[in-house]
Amino acid sequence: MFQNLILENCSEEKGFIKSDHKKERRIQVMFAKTEWIKILTECRNNVQKKIEPLLRTINKPQPDLGLGAGGDPTRKIDVTAENAIVDVLKKSKITFTLISEESGIVEYGESPRSCYVTVDPIDGTTNLIRGIPFYATSIAVSKKPSLKTVHAGLVADLVHGTTYTALRGRGAYRDNGRITPSQETSIEEGVIGVDLNSYRIRQLAPRLTALMSQAEHIRHFGANALELCYVAEGIIDAFVDIRGKLRTTDVAAASLILAEAGGILTTPEGQPLDVKLDPKQKVEFIAAANAKIYDRIFSLVKAQKEQR
Ligand code: IPD
Ligand code: CA
């Protein structure tokens, strides 16, 4: 029964409106949607439990585990966190396709194409290894391997124990409290996240100088999923990543959380962000708290781009 409900919510929900038992089925689907938050929360709890013993020795030399599907070196902590998530999903008898920065694309159960679970087991691995207290786990659930079909998402701040969640159409939450982005409209007074972490900094810098010379408070903390949630919650007012380097696994859950909070997320060209969910797929974006600050940032980044 429980598995059927989850499956129903992952797939197209067809027959839901036509059914004679429309009301009952609506209640079932609503139940299934909220069940996802329970399951994602269990995943988070298991990640926390399983990585805890590793944190004590994390700054010691680590075995070479090769490259993950996203192209970065895999560490034991990343694999442990991914296994912790997969174990919970399997125990919950969910049949799904995993899209992970570490293992890549792996099918589980009998009808894996009915549900896609996109995971960045640890976002901010370098922070974690260096003891910088800013890293997260990110899990998104979708009907198709595309960003616009994500209907449930969780980003858990593993240092401070806070968790951001969203269900499509139901708002975004930090723990039990609803969140909304800030009303800040000034680039000068706002706090603007900019990811400059790129070997292509010479090409990138001219596109960002107009924005960065106006903003007085530029930040980058090193875990982009969490930084997008900071925009959703109003801790920072915008976050710009136009490096062409970030993987979709890092934004899958946070993009829903930001949208449900009421924030704005577009490509640097101003189009709605919709990309394939794939560990190799890269993504660029401008995320902002509200339309006014978004318009100002967009025009500065765009103006620079036209000058190239
Ligand atoms: C990294 C973080 C970081 C960003 C990198 C990402 P990871 O994620 O989000 O802030 O600058 O591009 O790769 O590798 O720790 O999952
Ligand atoms: Ca990662």
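Which residue in E3 is the bridge partner of Leu98? In this predicted model, that partner is Val117, and the pair offers a convenient way into the sheet. Strand E1 (96–100) and strand E3 (116–123) run parallel, and 4 bridges join them.

A few overall figures set the scene. The protein chain has 308 residues, of which 43% are buried, and its secondary structure comprises 8 helices and 13 strands. Among contacts with a separation of 6 or more, 67% are accounted for by residues 24 or more positions apart.

The sheet that contains E3 is open and built from 8 strands, with mixed pairing and the order E2-E1-E3-E4-E5-E6-E7-E8. Its edges are taken by strand E2 (104–108) and strand E8 (177–178); each of these has a single partner strand, so one side of each lacks a neighbour in the sheet. Strand E3, in contrast to those edges, sits between E1 and E4 in the strand order. Because 8 of the 8 residues of E3 are buried, this strand is largely enclosed by the rest of the structure.

On the E4 side, the direction of pairing is antiparallel: E3 is joined to strand E4 (residues 136–142) by 6 bridges. Two positions help to fix the register here. Asp120 has Ser138 in E4 as its bridge partner, and Tyr116 stands opposite Ser142 in E4. Helix H3 (residues 76–91) lies across E1, E2, E3 and E4, and its direction makes an angle of about 145° with E3.

Further along the sheet, strand E5 (residues 150–157) and E6 run antiparallel and are joined by 6 bridges. Ala152 has Leu167 of E6 as its bridge partner. The two strands form a hairpin with 4 residues between them, and Gly161 in the turn has a positive phi of about 75°. Strand E6 (residues 162–167) is itself mostly covered, with 5 of its 6 residues buried.

A second hairpin follows from E6. Here the partner is strand E7 (residues 172–174), which pairs with E6 in the antiparallel sense over 3 bridges. Tyr164 is matched with Arg174 in E7 as its bridge partner. This hairpin also has 4 residues between the strands, and Gly169 takes a positive phi near 85°.

Attention can now turn to the ligand. Ligand 1 is surrounded by 15 residues, the closest being Asp123, Thr125, Asn197, Gly222 and Asn224. By class, this shell holds 7 charged, 6 polar and 2 nonpolar residues. Both domain 1 (2–178) and domain 2 (191–306) contribute, with at least three residues drawn from each. Several secondary-structure elements take part as well: E3, helix H4 (125–130) and strand E11 (238–247) each supply at least two residues of the shell. The enclosed strand E3 thus reappears in the ligand surroundings.

Asn224, one of the closest residues to ligand 1, also belongs to helix H6 and is buried there. Helix H6 (residues 224–233) is mostly covered, with 10 of its 10 residues buried; among them are Leu226, Glu227, Cys229, Tyr230 and Glu233. Just after this helix, Gly234 adopts a positive phi of about 85°.

Technical notes: Residues numbered from 1 in each chain as written. Chains lettered and ligands numbered in written order. Predicted model: local features only at pLDDT ≥ 70, side-chain atom pairs only at ≥ 80, totals over all residues. Near = placed C-beta within 6 Å. Nonpolar A, V, L, I, M, F, W, Y, C, P; charged D, E, K, R; others polar. Domains from an automatic or database assignment. Pairing = 2+ DSSP bridges. Contact = placed C-beta atoms within 7 Å. Axes fitted to C-alpha atoms, helices over the stretch in contact; angles between N-to-C directions. Buried ≥ 20, exposed ≤ 12 C-beta atoms within 10 Å, placed from the backbone.
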